[in-house]
Amino acid sequence: LEKNLDKPPGDLEALLSSSTLELVRSLPKKLSERPAGTSDRRMTSKQKPSTISSRFRSSLRELLGKIESSDPHFVRCIKSNAEKTPGRFDSRMVMQQLLLGGVLESVHIRQQGYSTRIPFQEFIERYCCLTAGSVDLTDLPTAARELAVRCVERFGLNEGDITTGKTKVFVKASANDRMESERNRKQAKIVTKIQAAVREMRARKRYRASLAGHAKLKACLVSFGIKDLSGDPAHDPGPILARFESTEAARAAQEVLHAAVAAVPALPALERAVSAGKAISSRLEKEIAASMQL
């Protein structure tokens, strides 16, 4: 009868081997020997038994290996309500969790210390626009210290709000908020100037491109007898159809006028000419319709 063939735990073997008695030290060797009459097939199936504790230890070793080889970040979860229903926020319960969990105390301690730690290079590139004067990038520690002193003087901060270390600049939360606010304001001002310059360039380019179409439209208006654009062509008492030999010629001139009006972009400087062209086309259309009824 083959039974009790499970391999003893490794801790048991180590414990027996560490004994001072020779008999006890010989037990692990006896336990590891194959019993007489045991088949190879039976021993192979029982060499590495899979138990719940062994699987747990193996899983635990894998987890510890992953944790040691990585940089874990723990997320603190806050329940919004006791019922776990969406769209409901219990402020009293959330505040209690923040207080008991030490979150508010951690934030307070962080604010009292240097919450922002920036390397010299990044500090100079980010905040050099806040103060006047150039920065010598060949000596980063000296340049960072000079810039920190200028920022303290520029914003009226306390001497301990910004300090420098060996490789980084340490900034308190209040000083960092003040500097970031000023930086955002300056960036918005610079962006506005860039946008204005780009819009001006595009408007000038569009206007220069429309000059040829404007000249063609003015030539069409002259052919219709409109030389002065200061008046209202729609109220000119002179008939337009009488300037053409036939209705077909008037239609052809009207199509040319339509094309000239469509080619001119909608710019304020060209609005008067475009309005005159549309008014002349509308008057000509009415005169042609009236002549067809006669």
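In this predicted model, helix H9 runs over residues 173-223, and its 51 residues carry it 73 Å from first C-alpha to last, close to the 75 Å expected at 1.5 Å a residue. Even so, H9 has a kink of about 35°, centred on Leu 211. Just after the helix comes Gly 225, which takes a positive phi of about 90°.

We can now turn to the partners of H9, beginning with H10. These two helices pack at an angle of about 150°, and their axes lie 9 Å apart. At that angle, which is over 145 degrees, H9 is therefore roughly antiparallel to H10. Their crossing is left-handed. On the H9 side the contact is formed by Leu 217, Cys 220 and Leu 221, which meet Val 256, Leu 257, Ala 260 and Val 261 of H10. The make-up of this contact is pleasingly simple to describe: seven nonpolar residues, with no polar and no charged ones. A helpful reminder here is that an α-helix has 3.6 residues a turn, so residues three or four places apart point the same way.

H9 also meets H11. The axes of H9 and H11 come within 10 Å and cross at roughly 40°, which means that H9 is oblique to H11. H9 passes H11 in a left-handed crossing. Here His 214, Leu 217 and Leu 221 of H9 touch Ala 273, Val 274, Ala 276, Gly 277 and Ile 280 of H11. Sorted by class, the residues of this contact are six nonpolar and two polar, with no charged residues. Leu 217 and Leu 221 thus appear in the contact with H10 and again in the contact with H11.

The remaining pairing joins H10 to H11. Helix H10 spans residues 247-263 and helix H11 residues 271-293; the two pack at an angle of about 155°, with 10 Å between their axes. H10 is therefore roughly antiparallel to H11, and the crossing is left-handed. From H10, the residues taking part are Thr 247, Ala 250, Arg 251, Gln 254, Leu 257, His 258 and Val 261. Their counterparts in H11 are Val 274, Gly 277, Lys 278, Ile 280, Ser 281, Leu 284, Glu 285, Ile 288 and Ser 291. This contact divides into seven nonpolar, six polar and three charged residues. Leu 257 and Val 261 of H10, listed here against H11, also meet H9. Likewise, Val 274, Gly 277 and Ile 280 of H11 take part in the contact with H10 and in the contact with H9.

Definitions and conventions: Residues numbered from 1 in each chain as written. Predicted model: local features only at pLDDT ≥ 70, side-chain atom pairs only at ≥ 80, totals over all residues. Heavy atoms only, no water. Axes fitted to C-alpha atoms, helices over the stretch in contact; angles between N-to-C directions. Helix = DSSP H or I, 4+ residues; strand = E, 2+ residues; numbered from the N terminus. Parallel < 35°, antiparallel > 145°, perpendicular 65-115°, else oblique. Left-handed = near helix turned anticlockwise from the far one by under 90°. Contact = heavy atoms within 4.5 Å. Nonpolar A, V, L, I, M, F, W, Y, C, P; charged D, E, K, R; others polar. Expected span 1.5 Å × (residues − 1). Bend = angle between axes of the 7 residues up to and from the residue.
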